[in-house]
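Subject: Structure handover

Hi there,

Here is the structure I promised to pass on to you. Have a look at it first, and then read on for what I found in it.

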2 protein chains.
Amino acid sequence: MLISSHTVSVDAKGRVSIPARFREFLSAKYGDQVVLLGKDGCIFAYPVEEWKRRFSERLSKLSTTTKEVRRTLRRLYGRAESCEFDRQGRILLPAKLRVSSSIEKEAVIVGIENKLEIWDKGRWNQEMGDVDDGTADELPDEDLIEFEF
Amino acid sequence: MLISSHTVSVDAKGRVSIPARFREFLSAKYGDQVVLLGKDGCIFAYPVEEWKRRFSERLSKLSTTTKEVRRTLRRLYGRAESCEFDRQGRILLPAKLRVSSSIEKEAVIVGIENKLEIWDKGRWNQEMGDVDDGTADELPDEDLIEFEF
DNA sequence: AATATTCTTCCCACTTTTCCCCACTAAATT
DNA sequence: AATTTAGTGGGGAAAAGTGGGAAGAATATT
């Protein structure tokens, strides 16, 4: 299970090191390939198998006779990027995604159950409520489950 | 699995480079031949095997006694074009299809599970909703399965 | 029928990008 | 303090993408 957050630097080529703990878990359980998707102002990184489970498998059951379905598929797949760890355990964040998530010099990598989120450090701090005074937010009401991002 | 989108240039002869990642997947899994079909204002490119699975196999089971079926068949097969990669990994887009999909100088090639879509860049941006705010659409309701494009 | 014209296909050459690999520093472990 | 592991940076080879020339096929023109 993935958990916790780590600050890492983004180099001139747009690469970020995936913290060793995360990498071990991912490689062992899923292999070295992840799928990136811009969302909520950050980048979601799914292990490929996880992506398939959440999207491919469910979407392939839909008929593509309707234009709506075809459009949904291309909007999802078209925005995603596939990428692999290099030998140093880094991934290259495509320029497109770096721009849309405002990631420049420092990024925060967050482990959430079985996917990662990659944030610009500034945005992450905002998302966390700027001051981390140890005050936990209340839990939101339950919601209906439809689609798992 | 095919995923993500790449911008490529269309040369004076109407050729486009198929991004290496896509090509590797296609060649390894399916061979070098694809079937092109104009649809939704872009060009669909199916590996031949995929075309057979989606269309040939299912359509050949239908009886051709009705005019309706014969008409469907000729409209589908008549508009399709077969083509191969050249040594540089490009395909030549037939003039007809280039016109009907408004492809001129810049094209976007999108990988969607096991087929490609080839778009004029302008049209693609429209299809994506112009601004890429990372907002993914919800899935539409299920539909009855007829033919899967 | 002969010639011209367009289109297709193959090949070479150039530019840009990608990514592989080495090396350095910092931190943790023994 | 020495050794291992994690994270960071960058040079250079290889590959990807692009453009165009030239030979051959198909079509059109005189």
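**Around the DNA**

Strand 1 of chain A contributes 3 residues to the surface near DNA strand D, the most of any element. Please keep in mind throughout that this is a predicted model. In total, 21 residues lie around DNA strand D, and those that come nearest are Ser9(A), Asp11(A), Ala20(A), Val8(B) and Pro19(B). Two or more residues of that surface come from strand 1 (5–9) of chain A and also from strand 1 (5–9) of chain B. By type, the surface near DNA strand D holds 8 nonpolar, 9 polar and 4 charged residues.

What surrounds DNA strand C? From chain A there are Asp86(A), Arg87(A), Gln88(A) and Leu92(A), and from chain B there are Lys13(B), Asp86(B), Arg87(B), Gln88(B) and Leu92(B). This surface divides into 5 charged, 2 polar and 2 nonpolar residues.

**Chain A as a whole**

Chain A is built from 5 helices and 8 strands. Starting at the N terminus, the order of its elements is β-β-α-β-β-α-α-β-β-α-β-β-α. The chain has 149 residues, of which 32% count as buried. Looking at contacts in chain A with a separation of 6 or more, 63% join residues 24 or more positions apart.

One pair to look up in the viewer is Glu49(A) and Lys29(A): they are 20 residues apart in sequence, and their C-alpha atoms are 9.4 Å apart in space. Glu49(A) belongs to helix 2 of chain A. Is Glu49(A) buried, exposed or partly exposed? It has 15 C-beta neighbours inside 10 Å, so Glu49(A) counts as partly exposed.

**Strand 8 and the core**

Strand 8 of chain A is a good place to zoom in. Of its 6 residues, 6 are buried. Lys115(A), Glu117(A) and Trp119(A) point one way from the strand, while Leu116(A), Ile118(A) and Asp120(A) point the other way, and all are buried.

Strand 8 of chain A has pairings with strand 4 of chain A, antiparallel over 3 bridges, and with strand 7 of chain A, antiparallel over 6 bridges. In the pairing with strand 4, Phe44(A) stands opposite Glu117(A). In the pairing with strand 7, Ile109(A) has Ile118(A) as its bridge partner.

Those two isoleucines turn up again in the largest nonpolar core, which has 63 residues; Leu36(A), Ile109(A), Ile118(A), Ile109(B) and Ile118(B) touch the most other members. Beyond its neighbours within four places in sequence, Ile109(A) is in contact with Ser5(A), His6(A), Val8(A), Val16(A), Ile18(A), Pro19(A), Phe22(A), Leu116(A) and Ile118(A).

**Helix 3 of chain A**

How far apart should the ends of helix 3 (residues 67–79) of chain A be? The helix has 13 residues, so at 1.5 Å a residue it should span 18 Å, and this agrees with its end C-alpha atoms, which are 18 Å apart. Its buried residues are Val69(A), Arg70(A), Leu73(A), Arg74(A), Tyr77(A), Gly78(A) and Arg79(A). As general background, an α-helix has 3.6 residues a turn, so residues three or four places apart point the same way.

Both chains help to cover these buried residues: the cover includes strand 3 (33–39) and helix 2 (48–59) of chain A, along with strand 1, strand 7 (106–112), strand 8 (115–120) and helix 5 (121–127) of chain B.

**Positive phi values**

Most residues other than glycine have a negative phi. Which residues of chain A go the other way? Among them is Asp40(A), with phi near 55 degrees. Asp40(A) sits in the loop between strand 3 and strand 4 (42–47) of chain A. With 15 other C-beta atoms within 10 Å, Asp40(A) is partly exposed.

Glu113(A) also has a positive phi, of about 60 degrees. Glu113(A) lies in the hairpin of strand 7 and strand 8 of chain A, which has 2 residues between the strands. It has 10 C-beta neighbours inside 10 Å, so Glu113(A) counts as exposed.

In chain B, Asp40(B) takes a positive phi near 55 degrees in the hairpin of strand 3 and strand 4, with 2 residues between the strands. Those two strands of chain B pair antiparallel over 6 bridges, and Val34(B) stands opposite Pro47(B) there. Strand 3 of chain B is also joined to strand 5 (residues 81–84) of chain B by 4 bridges, again antiparallel, with Cys83(B) as the bridge partner of Val34(B).

Best wishes

Key:
Residues are numbered from 1 along each chain as its sequence is written. Chains are lettered from A and ligands numbered from 1 in the order in which they are written. This is a predicted model: local features need pLDDT of at least 70, side-chain atom pairs count only at pLDDT 80 or more; totals for chains, interfaces and linings use all residues. A residue is near a molecule or strand if its C-beta atom, placed from the backbone, lies within 6 Å of it. Ala, Val, Leu, Ile, Met, Phe, Trp, Tyr, Cys and Pro count as nonpolar, Asp, Glu, Lys and Arg as charged, and the others, Gly among them, as polar. A nonpolar core is a set of buried Ala, Val, Leu, Ile, Met, Phe, Trp, Tyr and Cys residues joined through C-beta atoms within 7 Å. A residue is buried if 20 or more other C-beta atoms lie within 10 Å of its own, exposed if 12 or fewer, and partly exposed in between; C-beta atoms are placed from the backbone. Two residues are in contact if their C-beta atoms, placed from the backbone, lie within 7 Å. The expected span of a helix is 1.5 Å times one less than its number of residues. Two strands pair if DSSP finds at least two bridges between them.
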